[in-house]
Amino acid sequence: MDELIDIVTETGDPTGKVALKSEAHKNGWYHNTIHIWFYTKDKKILLQQRSHKKKIYPLLWDVSVAGHIDAGEPLIEAALREAKEEIGLQLQKKDLKKIGVKLHKSEYDSGKIKDYEFHHVYIAELKTPLEELKPQEDEVEALKLVGFCEFEALLEQSETNGHFISSNKDYYRFVLSKVIGNIL
């Protein structure tokens, strides 16, 4: 879907400009996204397998829920909306804990897609059984829970195992450390 999004500066400050997501990706305009990483009390992280329909990294495993923030939409509202849309999970603001903002700057398809995003990263405890989640067909191929040790092992071999996006190793480690710190 090609929604309208707010354009920000290379330091994340609002510009007051709005553009279609496709135009932002074509022109390398900075914008905001949300990421939510769900974890369970028994030390597992929810992973989402990207749909086979995705242009970027189809079928690789990644963040539990992610999405672009609609123009004028508050960050927390975008997070709540994306959780509902992507996995059918109704959350409250109090369920989310912001753990940081990470700049992700990558180019794909020989520079045709310039993905310059500020990920506003949240964590939340998953209290709903995996089998009750409802993945959005166009976005999500599958969902699974992996233990912290398995997460780290998969990450270590990401250059060869076709599991995670290997260029995001530092980001994944940041998230895992924050999740572990939140549980302990």
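Which residue forms a salt bridge with Arg81, with the closest N and O atoms 2.8 Å apart? The partner is Glu73. That contact is a good place to start a tour of this structure, which is a predicted model.

**A network of charges around Arg81**

The structure holds 13 salt bridges, and Arg81 takes part in several that are worth a look together. Here they are side by side:

| Salt bridge | Closest N to O distance |
|---|---|
| Arg81 and Glu73 | 2.8 Å |
| Arg81 and Glu82 | 3.0 Å |
| Arg81 and Glu85 | 3.3 Å |

Are these residues buried or exposed? Arg81 and Glu73 are both buried, and Glu82 is buried too. Glu85, on the other hand, has a relative accessible area of 37%, so it counts as partly exposed. Glu85 and Arg81 are about one helical turn from each other, because they sit four residues apart in helix H2. Through shared partners, salt bridges link Asp70, Glu73, Arg81, Glu82 and Glu85 into one network.

**Strand E4 and its partners**

Next comes strand E4, which spans residues 44–50. Six of its seven residues are buried, so the rest of the structure largely encloses this strand.

Which strands pair with E4? One of them is strand E9 (residues 140–147), joined to E4 in the antiparallel sense over seven bridges. In this pairing, Ile45 stands opposite Val146 of E9. Strand E3 (residues 30–40) also pairs with E4 in the antiparallel sense, here over two bridges. Ile45 of E4 appears again in this pairing, with Tyr39 standing opposite. A third partner is strand E5 (residues 61–62), again antiparallel and with two bridges to E4. There, Gln49 stands opposite Trp61 of E5.

As a general point, side chains in a regular strand alternate between the two faces of the sheet.

**Turns and loops with positive phi**

E3 and E4 form a hairpin with three residues between them. In that turn, Lys43 has a positive phi of about 65 degrees.

Where else can you find a positive phi? Tyr57, in the loop between E4 and E5, has a phi near 50 degrees, a positive value in a residue other than glycine. Its relative accessibility is 29%, so Tyr57 counts as partly exposed. Asp109 has a positive phi as well, about 55 degrees, although it is not a glycine. You will find Asp109 in the loop between E7 and E8.

**The largest pocket**

How big is the largest pocket? Its volume is about 1,300 Å³. It is lined by 42 residues, and those closest to its centre are Lys21, His25, Arg50, Lys54 and His68. Several elements give two or more residues to this lining, including the strands E3, E4 and E6 (65–68). Strands E7 (97–108) and E8 (113–125) are also among them, together with the helices H1 (21–27), H2 (75–87) and H5 (169–183). Two of these names will be familiar from the sections above: H2 holds Arg81 and Glu85, and E4 is the largely enclosed strand.

**A nonpolar patch on the surface**

To finish, look at the outside. Which residues make a nonpolar surface patch of about 240 Å²? They are Leu4, Val18 and Leu20. Leu20 lies in strand E2, which covers residues 14–20. With a relative accessibility of 34%, Leu20 counts as partly exposed.

Methods: Residues numbered from 1 in each chain as written. Predicted model: local features only at pLDDT ≥ 70, side-chain atom pairs only at ≥ 80, totals over all residues. Heavy atoms only, no water. Patch = residues over 30% accessible without salt bridge, like charges linked within 9 Å, V, L, I, M, F, W, Y side chains within 5 Å. Areas by Shrake-Rupley, 256 points an atom, 1.4 Å probe, with all protein chains shown as cover. Salt bridge = Lys/Arg side-chain N within 4 Å of Asp/Glu carboxyl O. Buried < 20%, exposed > 50% of the residue type's maximum accessible area, 1.4 Å probe, protein only. Pairing = 2+ DSSP bridges. 1 Å grid on protein atoms, 1.4 Å probe; cavity = no way out; pocket = protein on both sides within 12 Å on 5 of 7 lines; lining within 4 Å. Points joined across faces, edges and corners; volume = space filled by probe spheres on them.
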